[in-house]
Amino acid sequence: MMNVDTNDKRQAFIWAWVIGTIFYLVEYAVRSSPAVMIPELEQVFHVDAVGIGEIVVKYYFTYSVTSLVAGVALDRWGGKGVISFGSLVLGVGSLLFAVPLVAAGDIGRLLQGAGSAFAFTGCVYLAAHGFSPKFLATAIGITQCVGMLGGSAGQFVTGPLISSGFPVKSFWLIIGVISVVIAVMLYMTTPREQVSVSGKTAGILAPYRIVFTNPQSYLSGVISGCLFAPTTIFAMTWGIAFLKQDLQFSNQAAVVACAMVPMGWVVGCPLAGWISDRMGKRRPVLIAGIVVMFIAFTQFVFLPASLPSWLTLAVFGIASGVAMIPYSIIKEANPDEVKGSATGGINFLVFGVTSILGPIFAAYFGKTLFTASDNTAHFKGAGIFFIVIILVAFFLSLVIGETGKGAGLRKVQVS
């Protein structure tokens, strides 16, 4: 146990959380950057666009599974060492991604996903220790806000950089070095904890037995996963290529439009969290955000010329910030003893949904992107795919229980 009083320890966790949000920013830049360098990556790895898509999507395979490892590791050993290990793995994966071999790209992307799984889970863990419960949703929103700044930079900044001739290999080498430096800083700033495990949470898998026997956990994960899908699969992976090919956007216009989605999150995530904390309720904010998402994306798909695409996607991005509300719900619906595992569990579910939907979208729409005889119909078909997913999130949000202040939904008790 550290020889500091409670306030000092909380402040130490907050400083560690600040460094953790930088880790999350870099992780999100790593996640989104391949979308703006697909032609360059084709040259590096000597494969076509579909081959690059197969390499890039491997990130989500390890991200979802390793989220479970990250959650239980935080609950058993605390934040010191665990979160910095994740940043180190991300750095190694980024360095490998600079090696011009498909095998190196595959392994590098897998390691990037594995290391990235510790970023958001770790930030939520640090925030839960540093901030009082009444500010938790706001802190989670700010965390996601910083992450989406990284996602936006991964397209808005990286796109013009690569287009101007900056070497792709150099980009990944620099990202790798930055990640290693962050790992060192995290290890130095994160307080050491005396973590005790006993009873129902003593076993390696015991925390997840608690989390995954709670129906609220599954509803939280699937809702958030469905809301993430249009941002991660479309805007941050395929969107630029679709806008250029199907709607004949220029490269710059396509990059700007798609970058508006993560930029919208910069506003939407903390705003949704703040409104939810002020109301003391989660569901109304969640449902309202989903409705706005549905309206904005439907207009974008069926009436793309009625409003500037960048404006529509900015509104969509702001509204999709409510995808973070289920992260508060799952923590409030499960015991405090498994808060790390609850976050790991929802990350597993969210990106498990993405890992399933991503290949389906690629097989039905990504594969036919350059061979479709009717580009307009092809774009609408791809858009309907995501509209249906948003509707699934909407109907599930009507079922999930309210966990906000005074809602009456009690946490699962560890006994």
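Helix H5 covers residues 82-96 of this predicted model. The helix has 15 residues, and at 1.5 Å a residue it should span 21 Å. The expected span is 1.5 Å times one less than the number of residues, so the count of residues is reduced by one before multiplying. The end C-alpha atoms of H5 are 22 Å apart, which agrees with that expectation. The buried residues of H5 include Val 82, Ile 83, Val 89 and Leu 90. Gly 86, Gly 91 and Gly 93 are also among them, as are Ser 84, Ser 87 and Ser 94.

Further along the chain is helix H11, made of residues 215-246. Ile 233 lies in this helix. Its relative accessible area is 4%, and a residue counts as buried under 20%, so Ile 233 is buried. Leaving aside residues up to four places away in sequence, Ile 233 touches Trp 238, Thr 354, Leu 357, Gly 358, Phe 361 and Phe 386. Pro 308 stands 75 residues from Ile 233 along the chain, and the C-alpha atoms of the two are separated by 21 Å.

Between H11 and H12 there is a loop, and Gln 248 is found in it. Gln 248 is not a glycine, yet it has a positive phi of about 60°. Its relative accessibility is 59%, and the limit for exposed is over 50%, so Gln 248 counts as exposed.

His 46 can be described in similar terms. This residue is found in the loop between helix H2 (38-45) and helix H3 (49-56). His 46 has a positive phi of about 60°, although it is not a glycine. With a relative accessibility of 68%, His 46 counts as exposed.

After the loop that holds Gln 248 comes the matter of helix H12, which runs over residues 251-279. A nonpolar patch on the surface is formed by Val 267, Leu 271, Trp 274, Ile 275, Met 279 and Ile 318. Together these residues have about 520 Å² of accessible area. H12 gives the most to the patch, with five residues. Val 267 is one of the patch residues, and it is found in H12. Its relative accessibility is 45%, which lies between the limits of 20% for buried and 50% for exposed, so Val 267 counts as partly exposed. A residue needs over 30% relative accessible area to belong to a patch, so the 45% of Val 267 is enough on that point.

Notes:
Residues numbered from 1 in each chain as written. Predicted model: local features only at pLDDT ≥ 70, side-chain atom pairs only at ≥ 80, totals over all residues. Heavy atoms only, no water. Patch = residues over 30% accessible without salt bridge, like charges linked within 9 Å, V, L, I, M, F, W, Y side chains within 5 Å. Areas by Shrake-Rupley, 256 points an atom, 1.4 Å probe, with all protein chains shown as cover. Salt bridge = Lys/Arg side-chain N within 4 Å of Asp/Glu carboxyl O. Helix = DSSP H or I, 4+ residues; strand = E, 2+ residues; numbered from the N terminus. Buried < 20%, exposed > 50% of the residue type's maximum accessible area, 1.4 Å probe, protein only. Contact = heavy atoms within 4.5 Å.
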